[in-house]
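Reader: I'm new to this one and would like a close look at a single part, the place where the ligand sits. Could you walk me through that spot, and then point out what else to look at in the chain around it?

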Amino acid sequence: MKDEILKLKAETLKELERTKDPEALRDLEIKVLGRKGRLTEILRGLSGLSEEEKRDVGKLANEVKLELAAKLKEAKNHLLKFSRAEGAVDVTLPGEKLLRGHIHPITKVQNEIEDFFSSLGFMVLDGPELESDFFNFEALNIPRHHPARDMQDTFYIDHKNGEGEYDLVMRTHTSPVQVRAMRKYGAPLRSIMPGKCFRSEATDVRHEHTFYQVEGLMIDQNINLSHLKGILEALARHLYGPETKVRLRPKFYPFVEPGVNGEVSCFVCHGQGCRLCKSTGWLEIFGAGLVHPNVLRAGRIDPEKYQGFAFGFGLNRLVMLKYGIEDIRLFNSGDLRFLEQF
Ligand code: FA5
């Protein structure tokens with residue numbers, strides 16, 4: 001019986017050396033030391049021996065049992081430590097899902113518009129969002145204390161000039177970049193200026209305090225309204241399809257003369273009248289006109305020699321129309337349920 005115990009010990013130690021995973025280790029433990037294990041079976045057979053043999057064999061069996069239990073425990077700890085070691089990878093764990101982001105719908109349409117105008121030879125320019133009162137208003141023919149300022153209520157910044165007047169504003173439109181571009185590049189000039197604008201107004205489904213516009217400017221000799229209409233028609237067809245029509249109706253803006261409101265035929269009902277166009281068949285998209293001589297002068301361009309057209313449209317509005325979005329506030333909400341649809 002003693003030989004049997006020593007043989008079991010030798011076999012178990014050998015197998016222990018080969019075992020490299022915790023599950024096989026557990027099986028080995030059950031096979032040798034478990035309730036129905038081989039060593040337990042041997043110990044059960046002790047009852048048939050004499051008292052002296054019982055003591056002798058029992059002592060050896062117990063020693064072997066304790067030794068094997070200790071070795072198994074040691075092997076178990078070693079495996080556990082190895083699996084937690086730095087850099088160790090548990091290949092049995094489920095994979096981590098990598099979420100893939102995408103660009104914002106406003107950026108997507110802005111990129112599309114930039115590509116379109118670049119193909120017509122327009123530069124894409126940038127301007128500051130924190131703008132001087134001069135560029136945002138005065139250079140655009142909107143003097144201080146003039147009622148035309150009421151059209152765009154702004155956020156004034158707590159900073160005053162030498163005469164004690166507030167001289168910095170969050171820009172209310174992208175039109176100030178017109179004058180900056182004229183001063184920097186002179187005439188002739190073709191550029192668009194997309195960017196963020198700010199207005200101090202109560203928000204609703206169509207109005208935000210922070211929104212995007214795209215400004216357009218073309219200055220050259222003999223520019224007239226038909227050039228403006230041609231460019232706006234090309235853009236509208238690019239965005240809404242080849243059937244789209246454009247109409248211009250008079251509207252006052254201090255920085256253009258004449259000024260117009262640009263409308264495109266409704267791409268949902270094709271002029272028949274629907275909920276989107278409020279049964280008019282037309283969608284109001286652009287403000288535009290021929291650049292006012294005072295604005296050319298502010299841009300250091302001679303109005304006797306050069307003329308130009310300018311337009312500006314609300315980019316959020318354009319995107320809302322394109323995708324049928326009903327509330328402008330969704331753009332800045334950061335709500336993934338909204339953003340993941342694009
Ligand atoms: C202007 O801002 C002029 N600078 C546009 C212009 C440029 C006219 C060049 C002539 C020549 P207006 O205030 O209408 O115009 O704004 C233009 C567009 O910006 C609007 O049609 C609208 O789509 C968008 N917009 C204006 N205010 C808001 C607002 N609070 N929230 C969202 N979009 C707005």
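Author: One bit of vocabulary to begin with: a residue counts as buried when its relative accessible area is under 20%, as exposed when that area is over 50%, and as partly exposed in between. Keep in mind, too, that this is a predicted model.

Now to the ligand. You'll find the ligand in the largest pocket. There are 23 residues around it, and His173, Ser175, Arg199, Glu201 and Glu208 come nearest. Sorted by class, that shell has eight nonpolar, nine polar and six charged residues.

Let's zoom in on some of the contacts. A polar atom in the side chain of Glu201 is 2.3 Å from a ligand nitrogen. For His173, a side-chain N or O atom and a nitrogen atom of the ligand are 2.9 Å apart. Gln152 has a polar side-chain atom too, this time 3.5 Å from a ligand oxygen. As for how covered the ligand is, on its own it would expose 680 Å², and the protein buries 90% of that.

Which strands help build the shell? β5 (210-220), β8 (282-291) and β9 (307-314) each give at least two residues, and β9 has the largest share, with four.

With those strands located, you can use them to find your way around the loops. Between β5 and α8 (225-240) there's a loop that holds Asn222. Its phi is positive, near 60°, although Asn222 isn't a glycine. Ser279, in the loop between β7 and β8, also has a positive phi, near 65°. That's worth a glance, because most residues other than glycine have a negative phi. Ser279 has 60% relative accessibility, which is over 50%, so it counts as exposed. Asn222 is exposed as well, at 63%.

Two peptide bonds deserve a look while you're here, since most peptide bonds are trans. The one joining Ala187 and Pro188 is cis, with omega about -5°, and Pro188 is in the loop between α7 (176-185) and β4 (189-198). Glu257 and Pro258 are also joined by a cis bond, with omega about 0°; Pro258 is in strand β7.

To finish, here are two residues that are tucked away. Pro254, in the loop between β6 (246-250) and β7 (256-265), is buried because its relative accessibility is 6%. Arg149 sits in the loop between α6 (133-136) and β3 (168-170) and is buried at 10%. The Arg149 side chain makes a polar contact of 2.9 Å with the side chain of Asp133.

Technical notes
Residues numbered from 1 in each chain as written. Predicted model: local features only at pLDDT ≥ 70, side-chain atom pairs only at ≥ 80, totals over all residues. Heavy atoms only, no water. Near = heavy atom within 4 Å. Polar contact = N/O pair within 3.5 Å; in protein donor to acceptor, adjacent residues only side chain to side chain. Areas by Shrake-Rupley, 256 points an atom, 1.4 Å probe, with all protein chains shown as cover. 1 Å grid on protein atoms, 1.4 Å probe; cavity = no way out; pocket = protein on both sides within 12 Å on 5 of 7 lines; lining within 4 Å. Sits in = over half its atoms within 2 Å of the grid points. Nonpolar A, V, L, I, M, F, W, Y, C, P; charged D, E, K, R; others polar. Buried < 20%, exposed > 50% of the residue type's maximum accessible area, 1.4 Å probe, protein only.
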